[in-house]
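Trainee: I am new to reading protein structures. Could you walk me through one, feature by feature?

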Amino acid sequence: PAEEAMPVTFKGDWGAKLMLAEGVLDNPRPAAIFALHCTPLAAPKTGAGAGVDAPLEVGKIGYAIGPASANSDRLRIIINGKLAHGSTPHKGVDAIAVAAQVINGIQLIRSRGTNTLEPVVVTIGMIEGGNRENIIADRVEMKGTVRTYSTQVRDQVIELLDRTIAGITTAHGATYELDYRKGYPSINNDRELAGKALSSISRIVGAESVIETIPGMGGEDFSYFADVIPGFYYRLGVANVDRGIVAGVHTAEFDVDEECLKVGVATMSAIVCDQLAP
């Protein structure tokens with residue numbers, strides 16, 4: 001029965017967490033922490049192109065105040081059915097058919113289960129199941145990711161996942177296992193620190209090249225450090241439209257215009273020097 005399914009479990013064995021546990025920020029204790037990330041595409045928050053990804057070219061800097069990345073979690077769902085011959089489906093419990101219902105059901109978490117003003121992504125990126133074409137599958141495994149900004153919304157999504165999967169599997173006579181792994185938390189850029197850092201950046205690239213962007217739903221383990229001490233994370237433009245360097249990160253076509261290295265070194269040096277100035 002569904003009530004005997006594996007309970008939701010949580011794991012967080014990430015490198016940055018282990019570094020913190022071992023005292024990486026304790027002796028000496030930094031006053032602030034800064035990071036930049038190569039960014040070929042970003043969506044401006046205001047202006048004519050607001051909300052639409054556009055190339056962030058070399059010489060431009062993107063930033064966000066408050067959330068700058070998402071809680072980045074992983075999930076694994078196993079649907080357990082009952083094996084049967086494909087000619088007698090009534091003698092089995094089709095794990096593939098149930099898995100299809102589960103995928104449809106959990107898409108309603110974003111559209112119907114959470115506040116429409118809160119960003120949420122629920123993605124199933126992998127599914128495996130079945131033995132051959134004429135056998136009712138007794139097991140399907142799915143893997144995916146959940147992205148949120150708010151820890152409260154993250155916990156709400158976990159509850160809705162468990163409730164949705166339990167209801168669907170029970171209705172079809174299947175059972176399930178849900179393994180939910182909490183990953184990187186959302187970066188929350190410190191407002192005061194960001195203001196000072198942006199002043200330093202503007203001095204280097206010019207105020208017109210500093211662009212407030214809509215934060216993406218990617219994950220970033222810098223967030224562990226920024227949770228402990230004030231932090232500011234910004235985006236380094238690496239695109240060059242004229243040279244065709246516009247592909248997104250984590251794609252086979254990703255490239256950077258290496259002139260961005262000069263901008264990255266100059267802006268980060270200015271931030272640090274200004275932060276240390278009496």
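Mentor: Gladly; we will go from the overall picture to the sheet, then to the cavity and pocket, and finally to single residues. Please keep in mind that this is a predicted model.

Trainee: Thanks! How many helices and strands does the protein have?

Mentor: A good start is to count the elements. Here there are six helices and 15 strands. Next, look at the extent: along the principal axes, the C-alpha atoms fill a box of roughly 75 × 45 × 30 Å. Of the 278 residues, 42% are buried.

Trainee: What share of the contacts with a separation of 6 or more joins residues 24 or more positions apart?

Mentor: Such a share tells you about links between distant parts of the sequence. In this protein the figure is 81%.

Trainee: Now the sheet. In what order do the strands of the four-stranded open sheet come?

Mentor: Reading a sheet means going from strand to strand across it, whatever their order in sequence. Here the order is 2-15-5-14, and the pairing is mixed. Strand 2 (33–39) and strand 14 (210–212) are the edge strands; each has a single partner strand, so one side of each has no neighbour in the sheet. From one strand to the next, the twist averages 30 degrees.

Trainee: In which sense do strand 2 and strand 15 pair?

Mentor: To answer that, you compare the directions of the two strands. Strand 2 and strand 15 (residues 231–237) pair in the parallel sense, over seven bridges. You can also follow a single pair: Phe34 has Phe232 in strand 15 as its bridge partner.

Trainee: And which strands does helix 6 touch?

Mentor: Once a sheet is clear, look for helices packed on it. Helix 6 (residues 260–276) touches strand 2, strand 5 and strand 15, and its direction makes about 155 degrees with that of strand 15. Helix 4 (residues 191–205) lies across strand 2, strand 5 (61–63), strand 14 and strand 15, and runs at about 30 degrees to strand 15.

Trainee: What about empty space? What is the volume of the largest cavity?

Mentor: A cavity is a space from which the probe cannot get out. The largest cavity here has a volume of about 30 Å³. Its lining consists of Phe34, Leu193, Lys196, Ala197, Ser200, Ile271, Asp274 and Gln275.

Trainee: Which helix gives the most to that lining of the largest cavity?

Mentor: Matching lining residues to elements is a useful habit. Helix 4 gives the most, with four residues, and helix 4 and helix 6 each supply at least two. By class, the lining of the largest cavity has four nonpolar, two polar and two charged residues.

Trainee: Which residues are closest to the centre of the largest pocket?

Mentor: A pocket, unlike a cavity, is open. The largest pocket has a volume of about 680 Å³. Of the 33 residues that line the largest pocket, Met217, Gly218, Gly219, Arg235 and Val249 are the closest to its centre. Several strands take part: strand 2, strand 3 (41–42), strand 7 (71–80), strand 11 (139–148) and strand 15 each supply at least two lining residues. The lining of this pocket divides into 15 nonpolar, twelve polar and six charged residues.

Trainee: Can we try single residues? Is Gly237 buried or exposed?

Mentor: Burial is read from relative accessible area, and a residue under 20% counts as buried. Gly237 has 1%, so Gly237 is buried. Gly237 is found in strand 15, and beyond residues up to four places away in sequence, Gly237 touches Thr39, Leu56, Glu57, Val58, Gly59, Lys60 and Cys260.

Trainee: And where does Ser223 lie?

Mentor: Ser223 lies in helix 5 (residues 222–226). With a relative accessible area of 0%, Ser223 is buried too. Leaving aside neighbours within four places in sequence, Ser223 is in contact with Tyr184, Pro185, Ser186 and Ile187.

Trainee: Why does Gly86 count as partly exposed?

Mentor: Partly exposed residues fall between the 20% and 50% limits. Gly86 counts as partly exposed because its relative accessibility is 36%. Gly86 sits in the loop between strand 8 (84–85) and helix 2 (95–113). Not counting residues up to four places away in sequence, Gly86 touches Asn134, Ile135 and Ile136.

Trainee: How far apart in space are Gly86 and Glu212?

Mentor: For distances, look at the C-alpha atoms. Gly86 and Glu212 are 56 Å apart in space, C-alpha to C-alpha, and 126 residues apart in sequence. For Gly237 and Asp257, 20 residues apart along the chain, the C-alpha separation is 9.0 Å.

Technical notes:
Residues numbered from 1 in each chain as written. Predicted model: local features only at pLDDT ≥ 70, side-chain atom pairs only at ≥ 80, totals over all residues. Heavy atoms only, no water. Pairing = 2+ DSSP bridges. Axes fitted to C-alpha atoms, helices over the stretch in contact; angles between N-to-C directions. Contact = heavy atoms within 4.5 Å. Buried < 20%, exposed > 50% of the residue type's maximum accessible area, 1.4 Å probe, protein only. 1 Å grid on protein atoms, 1.4 Å probe; cavity = no way out; pocket = protein on both sides within 12 Å on 5 of 7 lines; lining within 4 Å. Points joined across faces, edges and corners; volume = space filled by probe spheres on them. Nonpolar A, V, L, I, M, F, W, Y, C, P; charged D, E, K, R; others polar.
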